[in-house]
Amino acid sequence: MKGERSWRFSHAVSRLPGESIASGLRAQAGTDPDPKTFLAEHRAYTRALEETGAKVTVLDALEEFPDSVFIEDAALCAGGTAIILRPGAESRYGEAAAVAPALEAIFGSVKRLERGFVDGGDVLLTDDEALIGMSERTDQEGVDALSEILEPLGYRTRTVHTPPGVLHFKSDCGLLDSNTIFSTARLANSGCFEGYRVIEAVAGEEAAANLIRFNDPVFLRSGFPKTLALLQSEGYKVITLSADQAALVDGGLSCMSLRFSL
Ligand code: CIR
């Protein structure tokens, strides 16, 4: 089933950050994100997705869930199906039920992960494969349960490992096209991308690896000039977007939308 289904999208769903984003989870204490600046970055992000021709639905902020702007962790859209996940952090568990009504309205019905834990940030979809990274948020039971849902949708499953100290599998990689993955060296060196072409992140710019291909452009976090030049030299059309506020709470570009075609 090779084609364009891993990067050509008609729709995206996103959720506004709330004032409570300053209480978002993070691995290391640091500066709190500023809700107003985050909102401005989020608007620029959703507008950029829309400018590719997609319909973008922006859901209201959920103050009771500080990390709910990172909507990708609560659900996965694959093969025309929305799957409600079970996020692995206790404070984020309720985000799954909270996103279900919006996805039911768009898809008509949804499937649900019934056991284990999976954060969507640990799932990299290619056209015919789901690479699922075991991590502090995603466990074997969740991988097994998700595989059972994805296989009838035409995805083989490859269980891979998120490097120690890295929040999510996709913190360190992103899809560039149906056969090409951009990855940090520390992740690529694990051999998890066998069969794909890998473009390695530039040393010192590893944080740029959390990029997304959404229709024609690749969206890259601004502030990584060597990565920008590398991707352009490889022939990709690149749009840079600030995600500095998301980064203060360990988020990036991929986490802030669900991307799919109907
Ligand atoms: C968290 O720790 O869950 C959030 N502060 C950041 C989630 C980022 N999501 C992602 O990488 N998929």
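This short presentation covers one helix and the ligand site of the structure above. Please note at the outset that the model is predicted.

Let me begin with helix H2, which comprises residues 95-107. Does its length agree or disagree with the span that its 13 residues should have? At 1.5 Å a residue, helix H2 should span 18 Å, and its end C-alpha atoms are indeed 18 Å apart, so the two values agree. The helix nevertheless contains a kink of about 30°, and this kink is centred on Pro101. Just after H2 comes Gly108, which takes a positive phi of about 90°.

I turn next to the surroundings of this helix. Among the buried residues of H2 are Glu95, Ala96, Val99 and Ala100, and, further along, Ala102, Leu103 and Phe107. Against which strands do the buried residues of H2 pack? Their partners are S1 (11-15), S2 (55-59), S3 (75-78), S4 (81-84), S5 (111-112) and S15 (258-260).

I now move to the ligand. There are 14 residues around the ligand, and those that come nearest are Leu25, Asp67, Arg92, His168 and Val249. Which side chains place a polar atom 2.8 Å from the ligand? For Asp67, an N or O atom of the side chain is 2.8 Å from a nitrogen atom of the ligand. For Arg137, a polar side-chain atom lies 2.8 Å from an oxygen atom of the ligand. For His168, an N or O atom in the side chain is likewise 2.8 Å from a ligand oxygen atom. On its own, the ligand has 350 Å² of accessible area, of which the protein covers 98%.

Thank you for your attention.

How values were computed: Residues numbered from 1 in each chain as written. Predicted model: local features only at pLDDT ≥ 70, side-chain atom pairs only at ≥ 80, totals over all residues. Heavy atoms only, no water. Helix = DSSP H or I, 4+ residues; strand = E, 2+ residues; numbered from the N terminus. Expected span 1.5 Å × (residues − 1). Bend = angle between axes of the 7 residues up to and from the residue. Buried < 20%, exposed > 50% of the residue type's maximum accessible area, 1.4 Å probe, protein only. Contact = heavy atoms within 4.5 Å. Near = heavy atom within 4 Å. Polar contact = N/O pair within 3.5 Å; in protein donor to acceptor, adjacent residues only side chain to side chain. Areas by Shrake-Rupley, 256 points an atom, 1.4 Å probe, with all protein chains shown as cover.
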